[in-house]
Every structure is written in C-alpha cells, then in structure tokens.
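Colleague: Could you walk me through the aromatic contacts and the surface charge of this model?

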Amino acid sequence: MSQTPHLRLVRGALLGLLPLSLLLTSCAAQGSTGENDGSPEAGGELVYLDAELSRDTQLQASGTWQDSAYITNITDRLIHKNPETGELEPYLAEAFDVSEDGLTYTFTIVEGVTHSDGTPLDVDNVKRNLQWQHDGDTEQAIPANNWFPAIAGIETDEAARTVTVELEEPYAPFLDVLSFWRTSIVADATIDAPIEEQQQLSGIIGSGPFSVESETYGEEITLTRREGYDWAPPSSEHQGEALLETITILPVTEDSVRLGSLRSGEADLIRYLQPSEEQGLLDAGIEIISEQGTGNSNVWDIRQSAPFVNDVDVRRALQSGIDREAIIDELYTESWRPAKSVVTEDTFGFIDKSESLAYDPERSAELLDGAGFEEFDEEGYRIDQDGERLSLVTYIDVFDATAGPLFQLIQLQLAEIGVELQIEETDYSSYSDVILDPEIAVRRNGWPEADPWVRQTVNYTVDESNALFLEEDDPAAQELGELYQDQLHQTDPAAREGVLAEIQDTLIDDAFLLPILDDSQVFGAQPHVQDLEFTSEARPVFYSTWIDD
C-alpha cells in the first residue's frame, strides 16, 4: 500500500462547529516510511467525535458514558477485568490475596509507577485513594462511593509494597469494583483539588497511558501519550507506551454532522450510530465496530408510585405484551440481541428468563381483564370501571441514541393490548430533573457495569436510589432489600449465584423491570484505525490503537 498523508481539512457543516485548531490537522503517522506490513506503528493523531458533552468527571459523582471512557484512558486501576475471559487479573496490584473469611484484602503495588504530574503511585497514594473513595470529602460535598464496602482499616508496608484492607463484613464484589473506572487511582493533587477542578477532565491526574494536554470545556479535549508508561496489565498484548501520539475528542451532538465528518474523512472515529445508518456506512467503506458490554440489560423500571402499575397483573401484562424479537428485527441489526434477563448472558449469576419474557398478548389480555380493565374506550384503550383509561407516561431516554424508535415501537405494541403509552420528551440538560416525577410510570435504565448487582443494589433498594419508588413498608421492598444485601456479603460463589437467581425471578416474574434488549456501543471507524479495544463494560480503550497509513 502506498503511503498517503493522513490529512483532514475540516469544512462544510463542521466549519462552524469544530475548533480552529482542527481546521487544518495533519495526522500522518510519524516514522512511517513507505509500505506498511500491518505491524503497529507509533505516532499519529486520532480525531474522535463523541455524541455527548463532557458533564462531570469527579470520580464519586460522575456517571455519564463519555466521561467514564475518558477517565479510563488517563488512569489505571488496581485490578484488571479481562474483557475476553471476565477474569480478574493483576494491574497496578501485581498480586492480590483475599482471606478465606472475605475480610482481608492484600494488594502488592507495582514498583515505579508515576502519575502524569510526576508524583509516585505508591502504597501511601493507594491508601489515600481507597480512604477517599470510602469517606468522600464532606467539606467539598463529594459523596462516598456507594459501591464501596464498609472498611474497618487500611494498613501499608512500604518495604513490601503492600496495602492491606480490612472490611467490617465480607463484600463479594470488591475486586470487581476495584476494576471499575470509578475507582481509578488518581494523584494526591486531584484529591486535594477543589471540586470544580475535579469536575473537568483536566483536573483528573492519573497514571494512565494518556494525559490531558488541554481542555476547552464543552468544545475540545486533547489527550497526549505519556512518555515512559510501562505498567499495562500483564495480559495486554501491547506493552510500553501507547502508540497514538494524541487523541482529539470533540463533542458533536448532531448525528448528521458526525456522520458527514466521518464520511468525508474529517474524523477517524465516531460514537453513536442509528442501526439504520450502519449499512450505508459499510457501503462507503467505513467499518462498524460493535461491542456489547457485560452488565445490566436495557430495562424499563416500573415505578410503583405511578397510576395503575402497583397492580402486579398490570405489570405482568406489560411484560408479556412486548415483542422483543420484533423489536430487534424491525429496529436493530446483528449488533443487538433481545434481553434474556435483567443482566447480560456473560454476567456472573445470569439465569435465562426467556420463557418469562415471551411475547404472549393473549396472556396480557387475560391479566388485564382480571385486573378490572375489561372495557375499551372509543380509541381502543382499556378503561377501568370508573371509565379511566389505562394510560402510562414515560420520557424518551436522552442517553440512548436508539431510544426514539424503540419507545415508539413499544408504544404500538402496548396499544395492541389496550394500554396507552404517552411518550414525552425533554432535553439532555433537563432530563435528570424531569424524570424524578413519581407520576412517570416507566423509565429506561441499565448499563454495562463491572458488577451489575452492585448497581442494582444502589438502584432498587429503598435506602439508596429506590428507582422503583417502593414504600419502605412494601413487602417487595423488604424482600428485594434483603436479597440484595445477602448477595453482597456471600463468601461462597455458588451461594451468591443462588441469591442472584432469586433476584432475577422476583424482578421479572413480578414485572418490576421490563428487560428489553442487551445494549451495544456502536462506533463508525475509518479503515486506517487499528486495534481499538474495549473494557469488559465496552468502554473504548485507545492504549493499543494505531493509525495504519
């Protein structure tokens, strides 16, 4: 292949949207001479158009997909969760040990690791990070990490390079939690920084293969390769410094602009594609990269505070009134698949609940008749004995690029069993506040996680987020609370799996959740983008990525 300069001239629709620094950007791979034999080459720039703005990178408080992906690439974690095998492996902790009673965790820290500000990542820095995650910072209104266990104490041995954590009680998902982006190890300067600095990516100082060179908040982030980086997980095929010299991240919220810039060669990589766009991009020579993360499925939470849905038969009717196979066939591609439970199939503790999720409109009709909705109004919707329409309200999820068509198809399916689904819309900035309305019956939820059962414990117990809007004295609230706490503190994996099976039975058979599909993160990439990798939760990792010029 003859060498072609990797050159972008930003023009057309992007001219008024992209920063001046990218109006003429040369991305030729440095050191490339003549023919390339397919071996990775160091150098070059990747221009990545994300679909959303960076919102908040403070570790304990943040949660948006884009911020978590950025943090992943500028930090490291104690534990590596191998995306191919799901195994927990050494990372910053070159060795780790757990006592038989599940109370003592000992981590041996890799020697010679530094943060991008030059400060050491040593046992004292690790201890401070763990304590900060556990305690938060009340003076700065930084919350404790609600994924963390109750810690009785942390001891260090500088000579042995060990950090020993004593827990108050066993906590089964602790190692998984330590593999998650939210528990990334950061420099002391980040912990000491004002919260306003931590909320911007430039305020996150880590030990990762890239560091933040510059950030124009809401417009552009530039990551640059760290010199001397040499502590990737041992299982990583690539070792040493990252290959890309820089990564330029641009938030471009308009789908048409992202697509146009990818087609024209102005961008190397974009995130968020509508399924209907995939074939056209393939025909244009663009590669489609789809990655399904381990964790929670795309589900609809049914809130018990809303009209009608505190009746279990109404909820069960909704469950059997959704045709998940038709959703995939009509709206999606092979990148997606119907949900079989509330978690993906590769999640620890998964059980196949496909039979309980089977499409059965006749069963829905019987259940709704029995719930007192035997009559229909002039528009074909069911009504109760007082003439009130069986109508439910939802808002289109602004965090899901495919939510619009998905919600509309489910609206049509539910109309066939006589249930009206009113779909409302709001913008990205207002969604989190608007969705708090207890009259909203269903809300889309569920994301890939290092341990989805921790997320569910936070979401579905009344003393945490209480996403189901259950009353404290509701027997279901008490049952779910006990089950979620029980699974957290199991030391026997088989016993924990048994509890997790009970959770899935309760959530699905009593239809507190409506599992819809297993999500994928879908990217469009130029053919010269090589070896884009992902975490087990499908967050992009640019460490091994290179440009084939």
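Modeller: Happy to. Rings of Phe, Tyr and Trp (its six-membered ring) pair if their centres lie within 6.5 Å; planes under 30 degrees apart count as stacked, over 60 as edge-to-face and the rest as tilted. This is a predicted model, where local features need pLDDT of at least 70, side-chain atom pairs count only at pLDDT 80 or more, and totals for chains, interfaces and linings use all residues. Residues are numbered from 1 along each chain as its sequence is written, and side-chain values use heavy atoms, with hydrogens and water left out.

Colleague: Which residues do ring pairs link into a cluster?

Modeller: Pairs can share rings, and here they join into a cluster. Its members are Y48, F523, F534 and F542.

Colleague: How many aromatic pairs does the structure hold, and how far apart in sequence are the parts that Y229 and Y543 tie together?

Modeller: The structure holds 15 aromatic pairs. Y229 and Y543 form an edge-to-face one, with 5.6 Å centre to centre and 70° between the planes. Y229 lies in the loop between β11 (220-225) and β12 (246-251) and Y543 in the loop between β26 (540-541) and β27 (546-547), so the parts tied together are apart in sequence by 314 residues.

Colleague: Are the planes of Y332 and W336 stacked or tilted?

Modeller: The ring centres of Y332 and W336 are 4.9 Å apart. Their planes meet at 55°, so the pair is tilted.

Colleague: Is W336 buried or exposed?

Modeller: Buried means under 20% relative accessible area, exposed over 50%, partly exposed in between (1.4 Å probe, protein chains only). W336 has a relative accessible area of 7%, so W336 is buried.

Key. Helices (H or I, at least four residues) and strands (E, at least two) are DSSP runs, numbered from the N terminus.
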